[in-house]
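Biologist: Please take a close look at a single residue in this protein and describe its surroundings. After that, place the residue within the whole chain.

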Amino acid sequence: TDGDFTPFDLAGGSYILEAVPYAGPGGTGAAGDSVVVAFTVAGTPVEPGVGGFTLIDADTDLPIPGFDPIPDGAVLDLTELPLNLALRANTIDPDGVIGSLTMVLARSDGGLVGGATATDDGAPYSLYGDAGGDFAPGTLDVGAYTLAGTPFAGAGGAGEAFQGAAIAFTVIGPRIESYTLINAATEEVVPGFDPIPEGSELNLAALPGTLNIRANTRDPRDILESVKFVMTLDGASVRTTTERARPYSLYGDFNQAVQGNDTSIDVDPPNIPNYGIWPAPLNGTYTLLGTPYDTDTPSTGRAYGPLTLTFSIVNSPAGSAPPSGVLTNYPNPFNPTTTIRFSLAEAQKIRLRVFDAVGREVRVLMDGTVEAGVYDIEFEAGSLASGLYLYRLESDAGVLVRPMILMK
């Protein structure tokens, strides 16, 4: 009516519109040339709401490639992302009816650090705030999260609520990526074990006699200050230790001139690695858990990405029988004397030694060639301190190691 157009609704679908002019009123008289137009109406009218979330570089205020929008189930690796991050909600609002938006970031793994709730009264809508698009950074600790956003008609989260959205994502950061088997005598990697494959078998008969395990960390910003190791053998704890300087290794890396033979002490800052020696590894199934921390005292620091490795140790010389059908001692525990018994199926050169818990040799009980048979060797430990000791039988056919406890 005089240019005041009357609206009408079109359902989604395909249409053909034909317009035919006539010389007279009401479609009468001579018809002129018609015009035909084909068009499609897609979907339904757009409703206001949240159309996803974007990860923002708070230093440049620009979206981070690959995270615009953030995919549901995404993994955010802090070692590869900018240092300062922000989270933006992307709204669908063709009619400009959204007046505010509330965002809730929650830890879905039970952690406390990293969660936040905020209501923003003006676009762009961001969790940590922005001044006209100048995004403020927030704290994203490692862990699992859910992020939800709900828009409202009024300011401060008041009025009608529109369609919201939610996603889940995980944040990872500095971490242990793998473990490497080290020849402590040469300070070199043992070929084939860099990294040590999960579930691998370490055959002592085919490996160097001086071993250590190094944890390899991913930490480009030098956040980590220590690694706590916990190792079990067949479910029983055999070593718990904390390394406070790189390279982080299970049995230490130290400056021999400064620390003597004390492999429990690390040098910070480290010099050229001088790896400690794993004293007489025992056969069995091992589980090694390494957890990195951002302080040199794990109890006061924040833990980052741990890594668990399961492996087994055997001693199987190719083409030969074990060096002993029996290797035991009795009594065990003992004070101050115990008898170590072993048997040999054939004459061979052997060496029987005793080590303390940190791998220092305390006694050589036999060293030479002996005939086949059963041998009982007395070990008198009156001058030694109480604790765990290991006795090691070496021969041309391989090595056997057993623990014993001196209890005074």
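Modeller: The description below starts with one asparagine and then turns to the whole protein. This is a predicted model, in which local features need pLDDT of at least 70, side-chain atom pairs count only at pLDDT 80 or more, and totals for chains, interfaces and linings use all residues. Residues are numbered from 1 along each chain as its sequence is written, and side-chain values use heavy atoms, with hydrogens and water left out.

N216 is part of strand β19, which covers residues 211–218; strands (E, at least two residues) are DSSP runs, numbered from the N terminus. N216 counts as buried because its relative accessibility is 17%, where buried means under 20% relative accessible area (1.4 Å probe, protein chains only). The side chain of N216 makes polar contacts with two other side chains: that of T180, at 2.8 Å, and that of R214, also at 2.8 Å. A polar contact here is a pair of N or O atoms within 3.5 Å; within protein, one must be able to donate a hydrogen and the other to accept it, and residues adjacent in sequence count only if both atoms are side-chain atoms. Beyond its neighbours within four places in sequence, N216 is in contact (heavy atoms within 4.5 Å) with R175, I176, E177, S178, Y179, T180 and D194.

As for the whole protein, it has one helix and 31 strands, a helix being a DSSP run of H or I with at least four residues. Of its 408 residues, 41% count as buried. The C-alpha trace spans about 130 × 45 × 35 Å along its principal axes.

Definitions and conventions: Buried < 20%, exposed > 50% of the residue type's maximum accessible area, 1.4 Å probe, protein only.
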